[in-house]
Amino acid sequence: MTPDDHHAHDGGLRADLPRLLGRRRAITLLAGVALATACAPGRGEGGGPGGAVEPGSPGEIPQETAGPIPGDGTNGPNVLREAGVVRRDIRPSFGSLSGVAEGVPLTLDLTVTSAATGAAIPGAAVYVWHCDRSGAYSLYDREDQNYLRGVQPADAAGRVVFTSIFPAAYAGRWPHVHFEVYPDLARATGGDAAITTSQLAFPEAVCRQVYALPGYEDSVGNLADVSLASDGVFADGAGAQTAAMSGDPARGLVAALTVPVA
């Protein structure tokens, strides 16, 4: 994998196709894209200038692309069927793999609610994944790792809390975390069963603080070359997807987001 491969993450089919053709037969990929477009528009690239499709209800979090590196079985490997994927701390790889993602400590605090009523949805399962501090994704860029991926069922208050690290800014994308919401843990076994697919955005100020630290050197220039307004996913508005931040890079950051689903 070359550094240029990192530039294609989530850039849409035009950017993803050349990178993926080296991994899979073109006919298989194109058939999968056609099927996804026909059967699951929320997982596609269209629907708006930022790649989001219109949500099903006014209060629902915007649906976004899962990108080419979901690890949910819709494009290659399926980490959701691996023993050990249900966990709070997603920094280490698990199962037969070893390795720990290093970086500024980050807690992801997500609350799943009903878009219709605002009530918490206990038992909903959330799968999160994101890149490491160099901009690489496990299972794809780093096939010998499965870190920075994990699933949890929501507690009685609809909350899931993951221990992670702050992700990099790679070329062409605003810093973000992917997530999928499932009706329950039993059905969190493949991306086709997700009821919501979206992305969490980080505020610019905290990104600049983190990227001034050792290990994030490449992120400085990448962040300078993109904005929320130019990002291929968040350009149509990221207000509902931008995390509320607390803490600091030295002691650890907390990114909190309410996730209303239909």
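Is F166 buried or exposed? That was my opening query, and F166 came out buried, at a relative accessible area of 0%. I'm keeping in mind throughout that this is a predicted model.

**Entry 1: confidence**

I looked up the confidence before reading any more side chains. The protein averages a pLDDT of 84, and 78% of the residues score at least 70. Two stretches stay under 50: residues 1-7 and residues 12-57. Beyond four places in sequence, the model has 12 contacts for residues 1-7 and 72 for residues 12-57. I'm leaving those contacts alone, because predicted coordinates should not be read in detail where pLDDT is low.

**Entry 2: overall layout**

I went through the secondary structure next. I have five helices and eight strands. Along the sequence the order runs α-α-α-β-β-β-β-β-β-α-α-β-β. Of the 262 residues, 50% count as buried. The exposed surface is about 11,000 Å², with carbon and sulfur atoms supplying 56% of it. I also checked how far contacts reach: among those between residues at least 6 apart in sequence, 72% join residues at least 24 apart.

**Entry 3: aromatic rings**

Back to F166, by way of the ring pairs. I count five aromatic pairs in the model. Y127 and W129 make a stacked one, 4.7 Å centre to centre with 25° between the planes. Both Y127 and W129 are buried.

F166 pairs with F202, and this pair is tilted: 4.5 Å centre to centre, 45° between the planes. What does the pair link? It links distant parts of the chain, 36 residues apart. F166 sits in the loop between β4 (159-165) and β5 (176-182), while F202 sits in the loop between β6 (196-201) and α4 (204-211). F202 has 0% relative accessibility, so it counts as buried. I then followed the rings outward and found F166, F202, Y211 and Y216 linked into a cluster by ring pairs.

**Entry 4: helix α4**

Y211 took me to α4. Which residues of α4 are buried? I get V206, C207, V210 and Y211. They cover an arc of only 130° around the axis, so they lie on the same side of α4. I looked up what the buried residues of α4 pack against, and got α5 (217-224), β7 and β8 (252-261).

**Entry 5: strands β7 and β8**

In β7 (residues 244-248) I stopped at D248. Its relative accessibility is 19%, and D248 counts as buried because the cut-off is under 20%. The D248 side chain makes a polar contact with the side chain of R251, at 2.6 Å.

In β8 I picked V259. V259 is buried, at 1% relative accessibility. Where does V259 stand relative to T111? They are 148 residues apart in sequence but 5.8 Å apart in space, C-alpha to C-alpha. Leaving out residues up to four places away in sequence, V259 touches I61, L110, T111, V112, T113, F179 and V181.

**Entry 6: a loop residue, A193**

I moved to the loop between β5 and β6, where A193 is found. A193 is partly exposed, at a relative accessible area of 33%. I noted which residues A193 touches, not counting those up to four places away in sequence: Y182, P183 and R187. From A193 to D72 I read 9.9 Å, C-alpha to C-alpha, with their positions 121 residues apart in sequence.

**Entry 7: positive phi**

Last, the backbone angles. Most residues other than glycine have a negative phi, so I noted the exceptions I came across. L139 has phi near 75°, a positive value in a residue other than glycine. L148 has a positive phi too, of about 60°, and is not a glycine.

Where are these leucines? L139 lies in the loop between β2 (125-129) and β3 (149-153), and L148 is found in the loop between β2 and β3 as well. L139 counts as buried at 17% relative accessibility. L148 is buried too, with a relative accessible area of 0%.

Notes: Residues numbered from 1 in each chain as written. Predicted model: local features only at pLDDT ≥ 70, side-chain atom pairs only at ≥ 80, totals over all residues. Heavy atoms only, no water. Phe/Tyr/Trp six-rings, centres within 6.5 Å; stacked < 30°, edge-to-face > 60°. Buried < 20%, exposed > 50% of the residue type's maximum accessible area, 1.4 Å probe, protein only. Helix = DSSP H or I, 4+ residues; strand = E, 2+ residues; numbered from the N terminus. Contact = heavy atoms within 4.5 Å. Areas by Shrake-Rupley, 256 points an atom, 1.4 Å probe, with all protein chains shown as cover. pLDDT = per-residue confidence, 0-100. Polar contact = N/O pair within 3.5 Å; in protein donor to acceptor, adjacent residues only side chain to side chain. Arc of directions from axis to C-beta.
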